[in-house]
Amino acid sequence: MAFLTTVISLSSISLLLSVLIILAEIRLNNYGDCTLDINDNDRVLTVKGGASLLATLSEQGIFIPSACGGKATCGLCKVRVIEGAGPLLPTEEPYLSEQERKEGYRLSCQVKVKQNLKLFIPEDLFNIRAYQTKITQIDQLTHDIKGLRLSLIEPESIRFKAGQYVQLYTRPYGNVKEKVFRAYSMASVPSDSKAIELIVRRVPEGICTTFVHEELKVGDTVQVSGPFGDFYLRGNANNLIFIAGGSGLAPIRSLILDIIEKDLPYQMTFFFGAVTRKDLYYLDYFEDLSNKHSRFHFVPALSSPAAEDSWSGETGLITDVVARHLDTDSDYEAYLCGSPGMINACLNVLNAKGITEDRIFYDKF
Ligand SMILES: Cc1cc2nc3c(=O)[nH]c(=O)nc-3n(C[C@H](O)[C@H](O)[C@H](O)COP(=O)(O)OP(=O)(O)OC[C@H]3O[C@@H](n4cnc5c(N)ncnc54)[C@H](O)[C@@H]3O)c2cc1C
């Protein structure tokens with residue numbers, strides 16, 4: 001009997017505590033309406049408090065660049081907040097330089113809107129729009145890479161620079177209860193303005209890539225926002241080097257096709273690296289392009305070709321292949337896209353060949 005009384009008492013106490021915690025959470029998270037004063041009274045928005053600044057701005061149609069969708073892992077969503085953001089969080093510290101901290105920069109995904117805020121947003125970000133799109137084509141490019149074509153519904157067309165990216169929004173599926181967004185580079189040319197093409201490599205357990213690879217079907221509608229990013233052509237040298245691995249081919253394809261379409265007078269060499277033949281795609285496509293355009297050269301390379309690959313092309317790490325092809329005295333500009341490991345290794349090779357940092361551009365993912 002005494003045991004039963006103890007169990008009932010403990011259960012009642014824990015129930016009471018749970019109710020108190022829930023009530024406290026509701027009270028604490030209810031920040032009411034807050035004001036966002038943007039660019040010195042240029043735009044003043046009244047918003048509901050409680051969400052991150054990144055999400056709150058996105059709700060208001062102001063899209064801040066972000067690749068990770070709010071997990072504080074990409075560091076792209078910096079915004080200058082001069083009042084109301086609260087203290088800097090440990091999650092923000094790795095992404096902000098001393099100077100940025102002094103100027104009030106914060107990761108907008110980590111700042112929660114709890115009170116009135118004063119902030120500054122670069123004017124060109126106001127041109128970024130949300131687009132409703134329809135999936136019109138899905139291609140299985142390799143065992144873990146899919147190509148998507150999205151037709152724009154509203155607005156009907158998009159303006160972007162070759163090399164830029166969009167944020168793609170998922171819808172809730174399976175155990176994923178909220179929509180998320182991630183960055184994907186446009187693989188198509190800007191002149192094809194009524195559609196965009198994306199190349200998405202599956203990441204094991206990845207929320208967005210599992211959605212794309214398993215849930216998304218032709219005919220589905222999908223939201224994207226953009227364009228974002230500063231990975232676009234500068235064109236200050238005669239020879240352009242492009243280096244890609246995996247889905248990093250996406251923005252490189254857009255850049256190369258745009259240059260060819262505009263008949264710009266650059267010599268171009270595209271190094272596309274993979275481990276085995278099953279990781280390469282668009283081989284015929286780029287070989288065909290190099291046969292048709294004398295200024296474009298294509299160098300696919302495998303680091304560990306399998307016996308059954310019957311590979312007769314370049315073999316070795318992409319860094320070694322690049323090193324073999326480059327002279328030290330030529331006038332180069334380089335565009336790299338792929339994993340952080342590949343890019344860091346290539347930077348060393350390019351530097352050793354005398355290509356200075358201001359002539360090397362990259363997107364790591
Ligand atoms: C500017 C930019 C452009 C990009 N363009 C493309 C593109 O064109 N095509 C493309 O496929 N991707 C691209 N990405 C990467 C993309 O934004 C996502 O990060 C990626 O698709 C994983 O998303 P997810 O939601 O599936 O994984 P998440 O749910 O975000 O991650 C799940 C887990 O996988 C890990 N993880 C995340 N990304 C990777 C990765 N790449 N490799 C290994 N592990 C990882 C995470 O650390 C986490 O533990 C781009 C990124 C940036 C910054």
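In this predicted model, T319 makes contacts beyond its close sequence neighbours. Leaving aside residues within four places in sequence, T319 touches A345, C346 and V349. T319 belongs to helix α7, which covers residues 318-325. The residue counts as buried because its relative accessibility is 12%, and the cut-off for burial is under 20%.

A second buried residue was examined in a loop. D144 sits between strands β6 (129-140) and β7 (145-154). Its relative accessibility is 19%, so D144 counts as buried. With neighbours within four places in sequence left aside, the contacts of D144 are V200, R201, R202 and H213. D144 can also be placed relative to D279. The two residues are 135 residues apart in sequence. In space, their C-alpha atoms are 8.3 Å apart.

D279 takes part in a salt bridge with K278. The closest N and O atoms of this pair are 3.8 Å apart. The two partners fall into separate accessibility classes. D279 counts as buried because its relative accessibility is 18%. K278 is exposed, because its relative accessible area is 52%.

The search was then extended to the whole structure. It finds 14 salt bridges. One of them joins E197 and R253, with the closest N and O atoms 3.1 Å apart. E197 lies in strand β10 (residues 195-201), whereas R253 lies in helix α5 (residues 249-261), so this salt bridge ties together parts that are 56 residues apart in sequence. E197 and R253 are both buried.

R202, one of the contacts of D144, also forms a salt bridge. Its side chain meets that of E214, at 2.6 Å from N to O. This pair links distant parts of the chain, 12 residues apart. R202 is in the loop between β10 and α4 (207-215), and E214 is in helix α4. R202 counts as partly exposed because its relative accessibility is 29%. E214 has a relative accessibility of 42%, so E214 also counts as partly exposed.

Helix α4 also has a buried side. The buried residues of α4 are C208, T209, T210, F211, V212 and H213. These buried residues pack against four strands: β7, β8 (165-169), β9 (181-185) and β10. H213 appears again here, as a contact of D144. Strand β10 also reappears, as the strand that holds E197.

Charge at the surface was considered last. D40, D42, E123 and D124 form a negative surface patch. Among them, D40 is found in the loop between β1 (33-38) and β2 (43-48). D40 counts as exposed because its relative accessibility is 63%, and the cut-off for exposure is over 50%. D144, by contrast, is a loop residue that counts as buried.

Note on methods. Residues numbered from 1 in each chain as written. Predicted model: local features only at pLDDT ≥ 70, side-chain atom pairs only at ≥ 80, totals over all residues. Heavy atoms only, no water. Helix = DSSP H or I, 4+ residues; strand = E, 2+ residues; numbered from the N terminus. Buried < 20%, exposed > 50% of the residue type's maximum accessible area, 1.4 Å probe, protein only. Contact = heavy atoms within 4.5 Å. Patch = residues over 30% accessible without salt bridge, like charges linked within 9 Å, V, L, I, M, F, W, Y side chains within 5 Å. Areas by Shrake-Rupley, 256 points an atom, 1.4 Å probe, with all protein chains shown as cover. Salt bridge = Lys/Arg side-chain N within 4 Å of Asp/Glu carboxyl O. Lys, Arg positive; Asp, Glu negative; His and termini not counted. Charge placed at Lys NZ, Arg CZ, Asp CG, Glu CD.
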